[in-house]
Amino acid sequence: MKFLRRISLFLMLSGTMLGIGGYTALKAERFFYPNRYPAKESREQDRQIMPEASDIEEQVIEAAAAEVPVVTADTTYLIEEVDLTSGIVNEKEENVPVKYIGLDRDGLLQELESYDRNPPLTELEQGFETIELTAFSKDRVVICKYYKQEENTGYYLMVADHFIVVCLEDKQTLYMNTDILLASLSDGLQAEIMQGKYIETEEELYNFLESYSS
């Protein structure tokens, strides 16, 4: 009986010593090789710090979308009208057209291309040539319109209701009414005007009107 107790005590002591030795060896290895066995807490923290790949992709897409500027109702909308004949530039600020709100640069360019192909009649009457986008951001948009008026090549003195009128080169577009009666002019001048008397420059026209006005 005593023999069995001694054996049991020996086995327990051996097991205890073995456990202590193994634990000591593991501690020593972790001390000398800390990167071989990362702590569980460190791994969990890494999982919290590093998001999933899908989360990163979504964040990148959202950030990229947020960086694309678009036209808003608060965007400053400037129109520059350029007279190609005189070189005069007239700048004015207008409200952003509703159909432009929400458009990015490419979308606005498409709208302007459509406008350039089919300008309103009022624009054509002003000598509209083309349109272009010269500045674009979410805060400020600048659109430039180019116009070129046909230069008058002369005037015609004609008669309407016994009075002298001034018409443009086509002899149909009225340029100016006058208070000069046809009968107040010499017979030769009356004959010229009834056929349409041509005056080449604006200076010559006003010299004539000053000479014969009452």
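## A guided tour of the chain

Start with the whole chain in view: among contacts (heavy atoms within 4.5 Å) with a separation of 6 or more, 46% join residues 24 or more positions apart. You are looking at a predicted model, in which local features need pLDDT of at least 70, side-chain atom pairs count only at pLDDT 80 or more, and totals for chains, interfaces and linings use all residues. Residues are numbered from 1 along each chain as its sequence is written, and side-chain values use heavy atoms, with hydrogens and water left out.

Now colour by secondary structure. You should find seven helices and eight strands; these are DSSP runs numbered from the N terminus, helices being H or I of at least four residues and strands E of at least two. Switch on the surface next: the chain exposes about 16,100 Å², and 53% of that comes from carbon and sulfur atoms. Those areas come from the Shrake-Rupley method with a 1.4 Å probe, and for residues only the protein chains shown count as cover. Of the 214 residues, 23% are buried, where buried means under 20% relative accessible area, exposed over 50%, and partly exposed in between.

**First stop: the largest nonpolar core.** Select Tyr-77, Tyr-100, Leu-108, Leu-112, Leu-133, Val-141 and Ile-143, which touch the most other members of this 16-residue core. Such a core is a set of buried Ala, Val, Leu, Ile, Met, Phe, Trp, Tyr and Cys residues joined through side-chain atoms within 4.5 Å. At least two residues each come from β1 (76-83), α4 (105-117), β3 (128-136) and β4 (140-147), and β3 gives the largest share, with four. Zoom in on Leu-112: leaving aside residues up to four places away in sequence, Leu-112 touches Tyr-100, Ile-131, Glu-132, Leu-133 and Ile-143.

**Second stop: another core.** A separate core of 14 residues includes Tyr-155, Ile-164, Leu-168 and Ile-180.

**Third stop: helix α7.** Select residues 202-212 and pick out the buried Leu-205, Phe-208 and Leu-209. They lie on the same side of α7, because they cover an arc of only 95° around the axis, taken from the directions from the helix axis to the C-beta atoms. The buried residues of α7 pack against β5 (155-160), β6 (163-167), β7, α6 (187-195) and β8 (197-199). Rotate to the face turned away from the buried side, and you meet the exposed Glu-203, Glu-210 and Ser-211.

**Last stop: Asp-179.** Select strand β7 (residues 174-181), where Asp-179 sits. Asp-179 is partly exposed, at a relative accessible area of 46%. Add Phe-163, 16 residues away along the chain: the two C-alpha atoms are separated by 6.4 Å.

Methods: Buried < 20%, exposed > 50% of the residue type's maximum accessible area, 1.4 Å probe, protein only.
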